[in-house]
Amino acid sequence: MEALTELCDLIAENPEQFAEKLAWICSRCPPSESLMAGSPRVSRSQLNAVLAVARFLARCPNQTDHHQRPQSIVLEFLRSVPASFNQSFWPQSYGHDAISAFYVDFLGYVAKATDLSPDFATVVAGFAGEVVITALNYDGEGSGISRAFLMALSQNFPPILPSDAESLVTSLLDQFMVSVPVSTPLSPREAGAAASETSTSSAQSSPISVNHYPPNDMSMSPANEVSRHSGSSSAATASSKGSAVVNGGIVAWKSSIEQFGVSYAFGDGGGAGGVAMLRQQVSSFEEESVESLGKQEIAFKLMAHILDKVQIDPKLMDQVRLIAKKQLQSLPVFLKLRKRDWTEQGSLLKTRINTKLSVYQAASRLNIKSLSSLDSEGKSSKRLLLEALALLVDASEACLLSVWRKLRICEDLFSTLVAGILQIAVTRGGQLLRVLLIRLKPLVLTACAQADTWGNSRGAMFECVLTTSCEIIEFGWIKDRAPVDTFILGLASSFRERNDYEEQVSPIPLVIE
């Protein structure tokens with residue numbers, strides 16, 4: 001295959017000169033009549049030739065007459081993908097990993113080729129939706145192969161028609177999406193709002209949409225966000241005072257999770273009720289099989305790709321946004337659970353944690369992607385952006401405080417969440433900058449409070465927060481300098497308080513020689 005790849009790249013540089021070589025590669029591909037047969041079967045050399053032809057289309061931007069046959073071969077093979085869900089389609093030596101690798105390479109080349117040729121993209125879009133829908137609904141003996149195809153699609157998604165896009169999203173919501181268990185405790189922000197429900201004003205109780213958000217979600221309303229962070233007794237002011245335990249040490253501020261009265265170590269000191277709630281949490285999450293979590297991850301990724309390609313019906317978008325939101329709301333609850341809280345242990349637990357965090361990352365990307373479809377000037381879009389900001393910040397702080405924060409997937413998840421915060425910062429010309437900086441301050445302080453952020457190895461999460469904060473400051477310095485000045489001075493004040501506190505509780509010993 002390596003020699004064939006090198007030849008393909010050489011042909012792509014000058015297809016006119018190597019037209020005969022290109023024709024030779026095309027002749028090694030499976031004939032169209034064999035692919036249309038009832039039970040097609042391909043050889044290893046034919047699969048390699050198909051990959052070479054697809055690679056040629058992905059690397060040769062100049063459309064010539066020599067592209068017609070390669071395009072026809074790739075289109076015919078793409079149409080025959082549903083037949084490849086049967087193991088008999090593949091060479092006997094092809095196992096699951098080899099099949100998955102082929103799908104990833106093939107779809108990657110097809111995606112690049114459609115970017116280079118609008119006409120080719122139009123033809124692919126005409127039937128790609130049907131192929132994907134067939135894969136979603138496939139339940140035969142080759143369901144594992146169809147899932148490998150869907151996983152490859154989640155990395156490289158072809159163009160599709162708007163009508164197919166809505167059918168796909170609806171199918172994904174129906175088949176693969178699992179709602180957050182009703183027994184899962186409220187998120188920290190919801191719990192804090194519930195505790196102060198009796199004192200909540202009418203201005204704080206307007207839901208985003210009565211058709212899509214249950215009563216508990218009123219606590220997430222942007223009106224609440226602004227009111228919580230605007231007064232002298234706001235959580236932002238409280239964030240620079242008090243203390244919290246992080247990595248076994250005492251720091252001179254609280255995270256926003258602590259501010260809303262929810263103990264991060266939920267199982268400690270909670271009595272019988274706390275233990276029962278802890279067991280309920282663990283049971284709710286362990287009811288989700290790892291296989292089901294894998295399907296959810298694929299579904300979230302596919303929907304994000306679809307939103308990249310086409311616009312879907314606003315009501316359907318609301319459903320997508322709601323289910324992504326529900327995942328983010330459960331993230332802090334999941335991340336606060338410690339190793340000893342789980343029934344599963346060892347490799348089984350690690351697999352579950354990694355898979356669930358991958359689901360959260362895919363849901364986060366979908367949530368962030370859905371923000372780009374909002375009307376930049378509408379009042380409802382501002383409310384949704386503020387709600388998304390609250391979710392992303394709380395989820396980011398949960399990553400920082402979690403015992404799983406050293407896992408690569410947790411660091412990647414954190415990076416995705418912080419990238420979403422940055423996207424909100426530059427949305428609407430920086431109109432949300434003031435509220436965002438209020439919410440960002442506790443996140444920065446929590447990152448700085450981690451023990452591994454001091455010294456030579458400051459940690460990936462700290463570096464991510466540092467880089468993002470600098471970008472937001474640079475943006476705000478031009479758009480609206482006043483809140484940026486307040487943000488910087490507030491951080492400086494908090495750092496001084498912490499240093500003063502540490503000097504009091506940990507005096508430097510005097511060494512006399």
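The secondary structure of the chain, taken from a predicted model, amounts to 22 helices and 2 strands. Of its 513 residues, 52% are classed as buried. Among contacts with a sequence separation of 6 or more, 77% join residues that are 24 or more positions apart.

The largest nonpolar core comprises 81 residues, and the members that touch the most others are Trp90, Phe102, Tyr103, Phe106, Phe149, Ile306 and Ile312. Helix α4, spanning residues 44-59, is the greatest contributor to this core, supplying 10 residues. Another core, of 60 residues, lies apart from it and includes Val333, Cys399, Leu437 and Ala447. In soluble globular proteins, nonpolar side chains tend to be buried together. Within the largest core, phenylalanine 102 touches Leu47, Val50, Leu51, Phe77 and Trp90, when residues up to four places away in sequence are not counted.

Helix α4 packs on helix α5 at an angle of about 125°, with the two axes 9 Å apart. Because this angle falls in neither the parallel, the antiparallel nor the perpendicular range, α4 is oblique to α5. The crossing of the two helices is left-handed. On the α4 side the contact involves Leu47, Val50, Val53, Ala54, Phe56 and Leu57, which meet Pro70, Gln71, Val74 and Phe77 of α5. Leu47 and Val50 of α4 and Phe77 of α5 thus recur in two settings, being contact residues of the helix pair and being touched by phenylalanine 102.

Arginine 55 also lies in helix α4. With a relative accessible area of 16%, arginine 55 is buried, since the cut-off for that class is under 20%. Its contacts, leaving aside neighbours within four places in sequence, are with Thr5, Cys8, Asp9 and Tyr109.

Helix α5 itself covers residues 68-79, and its 12 residues should span 16 Å at 1.5 Å a residue; the end C-alpha atoms are 17 Å apart, in agreement with that expectation. The buried residues of α5 are Pro70, Gln71, Ile73, Val74, Leu75, Phe77 and Leu78. An α-helix has 3.6 residues a turn, so residues three or four places apart point the same way. The elements covering the buried residues of α5 include α2 (19-27), α3 (32-35), α4, α6 (96-116) and α7 (118-137).

Two of these covering elements, α6 and α7, are also packed against by the buried residues of helix α8, together with α15 (290-309). In α8, the buried residues are Ile145, Ser146, Ala148, Phe149, Leu150, Ala152 and Leu153; Phe149 is also one of the residues with the most contacts to other members of the largest core. Methionine 151 belongs to α8, which runs over residues 143-153, but is partly exposed, with a relative accessible area of 29%. Methionine 151 and glycine 294 are separated by 143 residues in sequence, whereas their C-alpha atoms are 9.2 Å apart in space.

Further along the chain, helix α16 (residues 314-335) packs with helix α17 (residues 346-371) at an angle of about 140°, their axes lying 9 Å apart. The two helices are therefore oblique to each other, and α16 passes α17 in a left-handed crossing. From α16, the contact is made by Met317, Val320, Arg321, Ala324, Lys325, Gln327, Leu328, Ser330, Leu331, Phe334 and Leu335. The residues contributed by α17 are Ile353, Lys356, Leu357, Val359, Tyr360, Ala363, Ser364, Leu366, Asn367 and Ser370.

Ser364 is also in contact with threonine 416, as are Gln361, Arg365 and Ile368, leaving aside neighbours of threonine 416 within four places in sequence. Threonine 416 lies in helix α19, residues 408-425, and counts as buried at 9% relative accessibility.

Helix α19 also pairs with helix α21 (residues 460-479); their axes come within 10 Å and cross at roughly 10°. This makes α19 roughly parallel to α21, because the angle is under 35 degrees. The α19 residues Cys410, Glu411, Phe414, Ser415, Val418, Ile421, Leu422 and Ala425 meet Ala460, Met461, Cys464, Val465, Thr468, Glu471, Ile472 and Phe475 of α21.

Conventions: Residues are numbered from 1 along each chain as its sequence is written. This is a predicted model: local features need pLDDT of at least 70, side-chain atom pairs count only at pLDDT 80 or more; totals for chains, interfaces and linings use all residues. Side-chain values use heavy atoms; hydrogens and water are left out. A nonpolar core is a set of buried Ala, Val, Leu, Ile, Met, Phe, Trp, Tyr and Cys residues joined through side-chain atoms within 4.5 Å. Buried means under 20% relative accessible area, exposed over 50%, partly exposed in between (1.4 Å probe, protein chains only). Helices (H or I, at least four residues) and strands (E, at least two) are DSSP runs, numbered from the N terminus. Contact means heavy atoms within 4.5 Å. The expected span of a helix is 1.5 Å times one less than its number of residues. Axes are lines fitted to C-alpha atoms, for helices over the stretch in contact, and angles run from 0 to 180 degrees between N-to-C directions. Angles under 35 degrees count as roughly parallel, over 145 as roughly antiparallel, 65 to 115 as roughly perpendicular and the rest as oblique. A crossing is left-handed if the near helix is turned anticlockwise from the far one by less than a right angle, and right-handed if clockwise.
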